[in-house]
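Trainee: I should be grateful for a close look at a single part of this model. Would you please take me through the place where the two chains touch, and through the sheet behind it?

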Number of protein chains: 2
Amino acid sequence: MEEHVEMLGRAFVEHYYHLFDNDRSSLSSLYQPTSMLTFEGQKVQGAEEISSKLNSLPFDQCLHSISTVDTQSSAFHGGIIVFVSGSLQLAGEEHHLRFSQMFHLVPTLQGSFFVQNDIFRLNYG
Amino acid sequence: MEEHVEMLGRAFVEHYYHLFDNDRSSLSSLYQPTSMLTFEGQKVQGAEEISSKLNSLPFDQCLHSISTVDTQSSAFHGGIIVFVSGSLQLAGEEHHLRFSQMFHLVPTLQGSFFVQNDIFRLNYG
């Protein structure tokens, strides 16, 4: 059970950051009207608002590198908690920004998952 | 609603780290048999196992300082997601260790909360 959760969590993480780095506007498909994003303390709700927020971040090209992925079943409705640490490199900049991010994935009726909760923080050293 | 969640989340965070720093063995009361902790990638389940893990960490006295607390309702059963960043100072050591930690709090039948999910990671710079 927990191995399955780990596999799903890792697959989600690869998919999410691949979309973020290559086709950011398509991330909206991973959220639903109830979804919440808190990005560096700023809270937005709903797929549309979240997509606007992600697409208006003050950088275009970026590359996420993942350091750790921790997963747990959230024990209700087949949800999965995913906790990621990694670094973010912006196009044209040499240094990396370290970040932590958590996702709460909830099953859809179609057998897939959507992001119910998303919290992102840069790690200041 | 979200203000209430934020207040509860912050109160939990204060309570949790106060207990951790002053009476670590009492943290077991915040977990239940279904609870999961992933501490630096090591996964343990159940209040008893989690308490053993926390009490066998290789340091006695420590002091947590909180930098940020982000909260969201997890939308199911009145659960709350809490995402914390901060630093940890071990007794007798000068430098601080930066960490990120997330909790999924779930209401008890008694009107309180327990920790269903707990994921802790040190932030390496």
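Mentor: What follows treats the contact between the chains and then the sheet of chain B. Please bear in mind that the model is predicted.

The contact draws 31 residues from chain B and 31 residues from chain A. Between these chains an area of about 2700 Å² is buried, with 59% of that area coming from carbon and sulfur atoms. Two salt bridges are found across the interface. One of them joins the side chains of Arg121(A) and Asp70(B), at 2.8 Å from N to O. In addition, 13 residue pairs are in polar contact across the interface, both residues being at pLDDT 80 or more.

On the side of chain B that touches chain A, the elements giving two or more residues are strands S1 (31–39), S3 (62–73), S4 (80–90), S5 (96–107) and S6 (113–122). S5(B) gives the most, namely six residues. By type, the residues of this side of chain B comprise ten nonpolar, 15 polar and six charged.

We may now turn to the sheet. In chain B, six strands form an open sheet in the order S2-S1-S6-S5-S4-S3, and their pairing is mixed. Strand S2 (42–45) and S3 of chain B each have a single partner strand, so each edge strand has one side without a neighbour in the sheet. Neighbouring strands are turned against each other by 15° on average, direction ignored.

At the S3 edge, S3(B) and S4(B) run antiparallel and are joined by eleven bridges; here His64(B) stands opposite Leu88(B) in S4(B). Finally, helix H1 (residues 2–22) of chain B lies across S1, S3, S4, S5 and S6 of that chain, and runs at about 160° to S3(B).

Note on methods:
Residues numbered from 1 in each chain as written. Chains lettered and ligands numbered in written order. Predicted model: local features only at pLDDT ≥ 70, side-chain atom pairs only at ≥ 80, totals over all residues. Heavy atoms only, no water. Contact = heavy atoms within 4.5 Å. Buried area = accessible area lost by both parts, 1.4 Å probe. Salt bridge = Lys/Arg side-chain N within 4 Å of Asp/Glu carboxyl O. Polar contact = N/O pair within 3.5 Å; in protein donor to acceptor, adjacent residues only side chain to side chain. Helix = DSSP H or I, 4+ residues; strand = E, 2+ residues; numbered from the N terminus. Nonpolar A, V, L, I, M, F, W, Y, C, P; charged D, E, K, R; others polar. Pairing = 2+ DSSP bridges. Axes fitted to C-alpha atoms, helices over the stretch in contact; angles between N-to-C directions.
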